[in-house]
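Visitor: I'd like a close look at one part of this model rather than a quick tour of everything. Could you pick a strand in the sheet and walk me outward from there?

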Amino acid sequence: MAEIVAALLTSHAPLITGKPEIGKPEQRDRLYAGFHELRRRLAATRPDLIVMFVNDHLQNFAYNNLPAFCVGLADAYDAPSAGGARLMRLAPRKIPGAPDWSMALLEQALAAGIDFAYSYEIESWDELSVPLHFLTPEGGVPIAPVYTNCGAPPLPTPRRCHEVGAFVGDFVRSRPATERIALVATGGVSHWVGTPETGRINPDWDHRVLDHIARADIEPLLDWSWAEIERDGGNGGQEIRNWLALLGAVPGWKGEVLAYEPVAEWITGCATVWVRP
Amino acid sequence: MIRTSYALNKVLTAIARQHLMKERLTDDELAGHALSEEERRALKSGDIVGLYRLGANPYLIRRVFRPRFTI
């Protein structure tokens, strides 16, 4: 039985790396320290593969074809591409994929009634590029991304995301014992992006989410509706689906919040959370 | 009920994927798209609030009309 050696949650936002200088230095330093601590702990677990629960931002899946859940089967992922690199102020780079592993996940999921879509080519925006810049700066650990539609409603329910994550967890544990798997989910917490309330952050809601995760008391979050999340967490808050998917893979595990900063300049409630039994 | 305009999102997706940022769109950029007059006006004036109300995806509004946002 393969082991889940690490699990962690982070926010993603292009400005975290794109405009570090506009963030208040003390907030930026605390958040970056959270990322650096996650990197240190993750590296110490020596993962062979990182399963990433993330969401597209209309870069890959447009309104002509919008999967609720999609497994990446690419040999490598642009994280970021040359185009995205300018805004995120990161060097363009390719992160290796794990197509055989992801194909096995896809086949077993379909056999079990989890109807993933799949894609052989994904250009990451901030969902992979920004967190991986901190977590695996050398870029050597392959990733197996699981995309959930968090940005083009109607969206899958939080409960369904949690169930899909639970399947991924079962799949990981069915793998050979030699595999060391890390789970990373990115997105959230509250932020309003591109709406008339752009720039709003709701720290009260963010703390509620983080407190539930710290207590491993996820059940109440699974019943939140799209409209409730949109009202309290903004359209960016819908990305907590990725976190809820990861938490489905590690039932009972609790979050340790390493940093939480509502960074107005980056228009995002930013968190770094280590998750453990 | 979620309001979505496929026509608006199709125009915005094409521009966002080229990593271009705009203050407003031109008739040339809108040629061939099945837009209502109201949608056309909002795209040509870079009316980010109007676009949201008409059913454009906010991530696409942000990506394309980035210079229109004060934050």
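Guide: Let's start with one strand, follow the sheet around it, and then cross over to the other chain. Keep in mind that this is a predicted model.

Our strand is β1 of chain A, residues 3-10. Six of its eight residues are buried, so β1(A) is largely enclosed by the rest of the structure. Part of that setting is the pair of strands beside it. On one hand there's β8(A), residues 180-186, which pairs with β1(A) in the parallel sense over seven bridges. If you want a spot to click on, take A:A7, whose bridge partner in β8(A) is A:L183. On the other hand there's β10(A), residues 268-276, joined to β1(A) by four bridges, this time in the antiparallel sense. Here A:T10 is a handy marker, as it stands opposite A:T272 in β10(A).

Now zoom out to the whole sheet. Eight strands of chain A make up an open sheet with mixed pairing, and the order is β6-β3-β7-β2-β8-β1-β10-β9. The edges belong to β6 (117-119) and β9 (254-263) of chain A; each has a single partner strand, so one side of each is left without a neighbour in the sheet. From one strand to the next, the twist averages 20°.

Step from β1(A) to β8(A) and keep going, and you reach β2(A), in keeping with that strand order. Strand β2 of chain A covers residues 49-54 and runs parallel to β8(A), with five bridges between the two. One pair to look at is A:M52 and its bridge partner in β8(A), A:V184. Helices come in here too. Helix α4 of chain A (residues 99-111) packs on the sheet and touches β2, β3 (69-72), β6 and β7 (143-148) of chain A, its direction making about 150° with that of β3(A). Helix α5 of chain A (residues 126-135) also packs on the sheet, and our starting strand β1 is among the strands it touches, along with β2, β7 and β8 of chain A. The direction of α5(A) makes about 125° with that of β8(A).

Next, the other chain. The contact takes 19 residues from chain A and 18 residues from chain B. On the chain A side, those residues divide into nine nonpolar, ten polar and no charged.

Chain B has five helices and zero strands. For its 71 residues, a compact globule would have a radius of gyration near 11 Å, and chain B agrees with its 11 Å. Its C-alpha trace spans about 30 × 25 × 20 Å along the principal axes, and 34% of its residues count as buried.

Helix α1 of chain B, residues 6-16, has B:L8, B:N9, B:V11, B:L12 and B:A16 as its buried residues. They cover an arc of only 160° around the axis, which puts them on the same side of α1(B). Their cover includes α2 (27-30), α3 (37-45), α4 (48-54) and α5 (58-64) of chain B.

One last stop is B:E23, in the loop between α1 and α2 of chain B. It has 11 C-beta neighbours inside 10 Å, so B:E23 counts as exposed. Leaving aside neighbours within four places in sequence, B:E23 is in contact with B:G46, B:P67 and B:R68. The C-alpha atoms of B:E23 and B:D47 are separated by 9.2 Å, with the two residues 24 apart along the chain.

Terms used. Residues numbered from 1 in each chain as written. Chains lettered and ligands numbered in written order. Predicted model: local features only at pLDDT ≥ 70, side-chain atom pairs only at ≥ 80, totals over all residues. Buried ≥ 20, exposed ≤ 12 C-beta atoms within 10 Å, placed from the backbone. Pairing = 2+ DSSP bridges. Axes fitted to C-alpha atoms, helices over the stretch in contact; angles between N-to-C directions. Contact = placed C-beta atoms within 7 Å. Rg over C-alpha atoms; globule rule 2.2 N^0.38 Å. Arc of directions from axis to C-beta. Nonpolar A, V, L, I, M, F, W, Y, C, P; charged D, E, K, R; others polar.
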